[in-house]
Amino acid sequence: MNFAQLPAIKEWVASWRLLAQSKAYLVMSAVLDALFFMAYGFLTAPILDKLTTHIIIIGSLAAEQLRVPAGRMRPAVIDLIFQPPVSQYTYQFLGLLVLLGLVVFVLFCLVQGTNWRFASWLTHRKLGWRQHLLQFARVNLFWFVLYAVWYCIDAVLDLRRIAIEKATGEPSAATGIAWTAVLVLLVYFAVISYPELSIRKGFLLGIRKATTMVPAAIILIAHFLAGNLVVRLIGKVNPAAMFIIGVVVLLLLIAWVRLYITLVVRRAAHGI
Amino acid sequence: MKKADVVFVLVILLIIFALILVVVNIHVLFPTPEPQAFVNSLAPVQ
């Protein structure tokens with residue numbers, strides 16, 4: 001088997017070559033990604049802080065309600081959190097989740113949509129900024145709703161675990177690796193759908209062209225692991241250099257990832 | 001630049017401004033009790 005002929009390897013070479021030729025893209029992508037991370041931190045930190053406070057309050061109040069005299073049946077946690085005095089914080093918690101989703105959605109669509117448009121522009125698709133952003137938002141709406149469902153179930157599982165732990169004083173089983181695998185699959189199909197801006201193609205390519213997409217995903221993950229390893233090793237010598245080089249490596253890899261995925265998906269999309 | 005593009009940019013700016021306003025005033029919109037007051041309100045553990 002000639003590995004150099006594999007589509008994932010061919011496009012790997014092509015993507016690095018394209019990145020080296022497109023310095024303007026690299027700079028714009030890095031600037032926008034840095035801006036994205038800063039804005040993300042600034043806007044989501046207060047919401048995440050409030051969410052944590054709410055989880056603690058809801059968990060404590062629910063645990064208090066769960067402490068029933070011996071012989072009486074314990075109420076279900078899910079019923080408890082929608083009854084006073086816990087319900088007011090549960091509704092606030094849900095409101096905060098919606099707000100968090102909205103903030104991340106707007107920020108992600110605006111900045112990442114623009115960056116994906118640059119990558120598409122360099123490779124094949126010549127859509128205008130507004131059209132690209134609107135289509136990117138439409139595709140992401142679907143993925144964000146799925147992610148919101150995943151996140152809500154995860155949060156309820158967490159709440160249940162905290163309440164049971166507080167009531168019984170014993171550690172409860174963690175959510176588990178299967179639930180994380182669902183999220184990984186979600187991200188896999190979502191990322192594949194970005195270059196063609198089509199959810200249907202995302203699923204089709206992700207399943208039918210798995211022999212191309214999975215090796216590409218492995219190559220992609222290997223790059224981030226290698227980058228992480230290099231940055232950690234630098235950190236052992238010089239912590240300040242670790243931060244600066246870490247940021248540069250991260251921004252460079254993100255810029256490359258978009259080009260690589262776009263090229264791999266474009267090649268695979270010809271076959272369906 | 002087309003008129004639709006200008007409207008699009010203005011709508012985006014408006015959304016961003018509204019979100020920043022909400023996030024900055026999050027303590028007013030989603031009030032929670034003071035930590036000590038909350039702990040005191042809980043029944044003592046038997």
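**Exercise 1. The largest pocket**

Which element gives the largest share of the lining of the largest pocket, and how many residues come from there?

*Solution.* Note that the model is predicted.
- Start with the space: the largest pocket holds about 1,600 Å³.
- Find the centre. The lining has 47 residues, and A:Phe108, A:Val187, A:Ala190, A:Val191 and A:Tyr194 are the closest to the centre.
- List the elements that give two or more residues: α2, α4, α5, α6 (177–196), α8 (210–237) and α9 (239–269) of chain A.
- Pick the top contributor. α4(A) supplies the largest share, 10 residues.
- Sort the lining by class. There are 42 nonpolar, three polar and two charged residues.

**Exercise 2. The second largest pocket**

Work out which elements of chains A and B line the second largest pocket.

*Solution.*
- Take the volume: about 230 Å³.
- Read the chain A residues in the lining: A:Phe105, A:Val106, A:Cys109, A:Leu110, A:Leu133, A:Leu134 and A:Ala137.
- Add those from chain B: B:Phe8, B:Val11, B:Ile12 and B:Ile15.
- Assign elements. Two or more residues each come from α4 and α5 of chain A and from α1 (3–24) of chain B.
- Check the classes: 11 nonpolar, no polar and no charged residues.

**Exercise 3. A pair within one helix**

Classify the ring pair A:Phe36 and A:Tyr40, then say whether each residue is buried or partly exposed.

*Solution.*
- Set the scene: the structure holds 20 aromatic pairs over all chains.
- Take this pair. The centres of A:Phe36 and A:Tyr40 are 6.0 Å apart, with 40° between the planes.
- Apply the cut-offs. Stacked needs under 30 degrees and edge-to-face over 60, so an angle in between counts as tilted. The pair of A:Phe36 and A:Tyr40 is tilted.
- Locate the residues. Both lie in helix α2 (residues 23–66) of chain A, four residues apart, about one turn of the helix.
- Judge exposure. Buried means under 20% relative accessible area. A:Phe36 is buried because its value is 8%. A:Tyr40 has 32%, so A:Tyr40 is partly exposed.

**Exercise 4. A pair between helices**

Find which helices the pair A:Phe108 and A:Phe144 links.

*Solution.*
- Describe the geometry: A:Phe108 and A:Phe144 are tilted, 5.9 Å centre to centre, with 50° between the planes.
- Place each residue. A:Phe108 is in helix α4 (residues 87–123) and A:Phe144 in helix α5 (residues 129–168), both of chain A.
- Count the separation: 36 residues, so the pair links distant parts of the chain.
- Check burial: A:Phe108 and A:Phe144 are both buried.
- Widen the view. One aromatic cluster includes A:Phe36, A:Tyr40, A:Phe108 and A:Phe144.

Terms used: Residues numbered from 1 in each chain as written. Chains lettered and ligands numbered in written order. Predicted model: local features only at pLDDT ≥ 70, side-chain atom pairs only at ≥ 80, totals over all residues. Heavy atoms only, no water. Phe/Tyr/Trp six-rings, centres within 6.5 Å; stacked < 30°, edge-to-face > 60°. Buried < 20%, exposed > 50% of the residue type's maximum accessible area, 1.4 Å probe, protein only. 1 Å grid on protein atoms, 1.4 Å probe; cavity = no way out; pocket = protein on both sides within 12 Å on 5 of 7 lines; lining within 4 Å. Points joined across faces, edges and corners; volume = space filled by probe spheres on them. Nonpolar A, V, L, I, M, F, W, Y, C, P; charged D, E, K, R; others polar.
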